[in-house]
Amino acid sequence: MAFYAVYIVEAHPTDIWQMKSNIKDNILFANPKTDEERAFVAGACVRKLGIKFPAVIDGIDNHTEVAYTGWPDRLYLIDRDGKVVYKSKPGPFGFKPDQLGEAIKKLNLVEAAR
Amino acid sequence: MQIYYSPGVAIRNKLSKLLMRKPGKRTLSVLVIVLLLLWGGFLVFIGWAMRQPPEKFGRVMMHMPMPAFFLFPFETMWTQARAGSVQPGDAAPDFRLPTQDHQAEVELSSLRGKPVVLVFGSYT
């Protein structure tokens, strides 16, 4: 199974709807306006959050986010035929890794029975 | 003895009487209808904002005082507004994106043959 973090448009940058929790944690980034700026913030995100699996960066036109309605955060599980088998509700309320874990278990059972 | 009132005093007295008067049923009904219309308009506006691109939505929400968040069912409306078009059973939209270290590109369709987990998110 392959895991990918898809880095998308920032949720609470300093210039748009900044959160007090981000000020407290010193996570202060303005909204990236170019691919280079986005790559810079994505790098900080991967390093500081200690993301262990590969990360890809959405284009500054947000085309992947739009296709998946991924903002502000969301989980997907895709089977080996390229079909969506699990899609979480939109974050932050719907971002539930436990549900993804259950979906992975079910998919593994289906795959094993094939 | 004759008492003279200035126009300012007369208006103030009238206002005081109006404010002190017990509101009638009609006044209350009008007030309730106005409040409902305002609330409905607010819900429509928030629903519209939730369907806008993230940056536009953020620019609306950044001006909203915290108490206003208790005036509408945020989670329910958010879940509906952000439902998206891709549903379980659908083919996952293909993409080709650079890795964070810019050493390679990942094309989703090239990963066929094994399950894939996608974790969408950002830093803030």
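**Notebook: how chains A and B meet**

I began with the strands and found that strand E3 (residues 74-78) of chain A is joined to E3(B) by 5 bridges, the two strands running antiparallel. I keep in mind that this is a predicted model. Within this pairing I looked up one position and noted that A:Leu77 stands opposite B:Val117 in E3(B).

Next I turned to the whole contact between the chains, where 41 residues of chain B are in contact with 60 residues of chain A. On the side of chain B that touches chain A, I listed helix H3 (54-61), helix H4 (74-81), strand E1 (96-98) and strand E3 (116-121), each of which supplies at least two residues. E3(B) gives the largest share of that side, with 6 residues. I then sorted the residues of this side of chain B by class, and they divide into 21 nonpolar, 13 polar and 7 charged.

I looked separately at helix H2 (residues 25-50) of chain B, which has 26 residues and reaches 37 Å from its first C-alpha to its last, close to the 38 Å expected at 1.5 Å a residue. When I checked how covered H2(B) is, I found that it is hardly covered, since the count of buried residues among its 26 residues is 1.

Last, I went to chain A, which is divided into domain 1 (1-72) and domain 2 (73-114). I noted that the C-alpha centres of these two domains of chain A lie 22 Å apart. Their contact takes 4 residues from domain 1 of chain A and 6 residues from domain 2 of chain A. On the side of domain 1 of chain A that touches domain 2 of chain A, I recorded 2 nonpolar, 2 polar and no charged residues.

Key:
Residues numbered from 1 in each chain as written. Chains lettered and ligands numbered in written order. Predicted model: local features only at pLDDT ≥ 70, side-chain atom pairs only at ≥ 80, totals over all residues. Contact = placed C-beta atoms within 7 Å. Helix = DSSP H or I, 4+ residues; strand = E, 2+ residues; numbered from the N terminus. Nonpolar A, V, L, I, M, F, W, Y, C, P; charged D, E, K, R; others polar. Pairing = 2+ DSSP bridges. Expected span 1.5 Å × (residues − 1). Buried ≥ 20, exposed ≤ 12 C-beta atoms within 10 Å, placed from the backbone. Domains from an automatic or database assignment.
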